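Here's a pair of exercises to work through with the viewer open. Try each task before you read its solution.

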Amino acid sequence: MSPSASVLPARQAYPLFWWSLAALLTVWDYAWLWLSVLVPSLDLAEIISCGWSGYAEPTPDWKLELSDRLWVVGAFLDPAVPVALLLCLWLVASRGAGRPRVHAWAAFAATGLVALQYALRQMLEALNPLPEDARCTVDPATLDVTPWDVLFTFTPAILVLVGAWTGIRLATSRPGRAVPWRIVAVLAGVTVLGAGAVLAAVRLAPEPEPARVLAADGTPRYVLARIGDRLAVLDLVEGGDPDVVGAPDREFYQYTAVARDTVPGTYLAAVTTPGDGAMGDRSSRIYRIVLDGDGQATIGEQVGGDFEGMIKDLAASPEGRIAYSRVVGDPADSIKIATTAVGLVDRRLEWSASGGEGIGPFGEGSLGLHWRGADTLVFRGWPPPAHAARLLALDVSRPGSDLHAAATLFVMNVFEEGTGLSLTGETRMAVSQGEFGRGVDQRIVIVEPPAKKPAGSAFDLPCGAIDAFTVDPSGRHLLVSVNKQVCAYGAPDETSTMYELFRVDLRPAPGTATPATGGYPIDPPSLGLPQQRVWRGATQVTGLAW
């Protein structure tokens with residue numbers, strides 16, 4: 001028995017409600033996009049831009065032509081979807097009463113267009129993937145499609161299907177049949193309870209407990225490493241690919257420094273915004289990282305506030321004082337460093353100098369900042385009118401703000417790059433040495449200030465570059481990151497694993513005699529310390545916290 005004509009117009013309000021929501025959502029989404037483009041001062045949408053450099057394989061002609069054609073179809077389809085939903089809404093309102101086929105065909109057309117639009121966007125992204133080394137104004141990882149993005153995209157289609165189901169049901173049921181509100185209420189209650197249970201489980205989940213897992217030789221099994229502008233956990237026992245740690249914020253996502261904190265299993269990491277150019281318009285933050293017994297890293301709370309510029313070094317003293325170094329770009333030249341500063345987080349006290357002080361042709365690299373005692377910070381510097389870099393010791397208990405008002409611990413040779421690291425519980429230091437701009441004859445030597453010459457070489461690298469090195473909590477082992485990209489390789493398996501980590505035991509093996517130097521007279525003698533390769537991979541490691 002079909003419903004009477006007097007009841008149909010009133011009952012049409014049910015499907016029209018859902019159809020109106022779907023049409024309004026698509027129209028609003030499209031209008032919002034054009035408003036953000038035509039009136040940027042309203043700041044309605046986030047503008048995301050990406051850039052990259054380097055060599056890339058040429059794109060095949062068929063892929064370029066297909067992308068162009070799909071882009072043209074997408075440019076037509078974007079405004080067509082809201083127009084089509086408005087037409088379907090008019091069709092259902094004018095012809096849908098008592099006609100279930102009208103609801104079915106309108107729903108089929110609307111959901112088909114929404115699905116086609118989504119598939120077209122996915123095809124364009126697949127044909128034009130974002131390079132791995134792309135630098136964006138937000139974290140590129142957040143640009144990946146999530147289930148929430150898919151749900152939002154298909155929300156108009158879901159509303160259309162609900163409206164079509166309501167219209168078909170009303171057109172084929174008896175007039176006056178009651179809506180099953182009890183079932184609707186039960187379903188709504190179950191949904192709310194389920195969502196509440198999920199939120200409660202997330203909030204009540206126990207915080208990860210920091211833990212330091214040791215290898216067979218007593219050194220930490222896991223190391224927190226900086227790979228490019230990302231952070232990752234490396235397993236020094238089983239090896240394998242880096243376990244990448246996410247970013248704490250969409251805008252603060254480029255990791256620039258990492259250090260071991262005072263509590264075992266906790267670390268400090270600095271992140272920065274992409275900025276403008278190499279150094280321009282940067283802002284940095286410091287976060288704690290917790291590493292559990294399974295080597296899983298969790299981002300903890302922020303330490304201190306926001307810092308202008310880019311943080312290059314972090315260091316935590318045994319007493320828990322956190323120091324940092326940062327560089328601020330020149331407003332007139334985004335690739336030039338205007339100021340280098342060393343400061344304390346708890347006191348917001350800084351010592352600064354103009355220009356760059358770190359490794360690199362522009363002084364843009366690390367200073368090797370670390371604590372040497374309760375009130376002394378050691379870092380690499382180049383105070384004028386010095387002709388070579390040196391390791392400086394800054395007494396943070398003394399008043400002043402001049403970064404160069406520090407004592408000299410060790411002077412490097414002219415045209416020599418390197419940083420230093422004091423060994424735990426000792427006066428000795430491990431100092432990296434390498435000729436400026438060369439990837440050969442690099443080493444780590446042992447120095448005991450105030451001696452002017454190294455006591456010997458702890459790690460020699462005839463070919464390759466030392467990208468980073470650190471010491472374990474006991475001070476008896478070094479972990480060295482080696483980059484052999486400049487070396488000539490013959491085996492194919494070697495070319496894909498040109499980055500390595502070596503563990504160096506600073507205690508000579510029993511009965512080991514110190515050999516004499518076999519190089520130039522200025523080369524320090526080798527100490528013959530035991531060393532072992534503990535990791536190999538295809539990812540460059542530029543920072544270590546062990």
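**Exercise 1: the sheet**

How many bridges join strand S7 to strand S8, and do these strands run parallel or antiparallel?

*Solution.* Keep in mind that you're looking at a predicted model.

- Step 1. Find S7 at residues 266-272 and S8 at residues 283-291. Seven bridges join the two, and the strands run antiparallel.
- Step 2. Pick out one facing pair: Leu-268 sits opposite Arg-288 in S8.
- Step 3. Now widen the view. S7 and S8 belong to an open sheet of four strands, in the order S6-S7-S8-S9, and the pairing is antiparallel.
- Step 4. Check the edges. S6 (254-260) and S9 (297-308) each have a single partner strand, so one side of each lacks a neighbour in the sheet.
- Step 5. Look at the twist: on average, neighbouring strands of this sheet are turned by 25° against each other, direction ignored.

**Exercise 2: the second largest pocket**

Work out which elements line the second largest pocket, and which of them gives the most.

*Solution.*

- Step 1. Start with the volume of this pocket, about 1,500 Å³.
- Step 2. Go to its centre. Of the 36 lining residues, the closest to that point are Asp-29, Leu-33, Arg-121, Glu-125 and Thr-153.
- Step 3. List the elements that give two or more residues to the lining: helices H2 (13-38), H3 (61-95), H4 (100-127) and H5 (147-153).
- Step 4. Pick the top contributor: H4 gives the most, with eight residues.
- Step 5. Sort the lining by class, and you get 21 nonpolar, seven polar and eight charged residues.

Terms used: Residues numbered from 1 in each chain as written. Predicted model: local features only at pLDDT ≥ 70, side-chain atom pairs only at ≥ 80, totals over all residues. Heavy atoms only, no water. Pairing = 2+ DSSP bridges. Axes fitted to C-alpha atoms, helices over the stretch in contact; angles between N-to-C directions. 1 Å grid on protein atoms, 1.4 Å probe; cavity = no way out; pocket = protein on both sides within 12 Å on 5 of 7 lines; lining within 4 Å. Points joined across faces, edges and corners; volume = space filled by probe spheres on them. Nonpolar A, V, L, I, M, F, W, Y, C, P; charged D, E, K, R; others polar.
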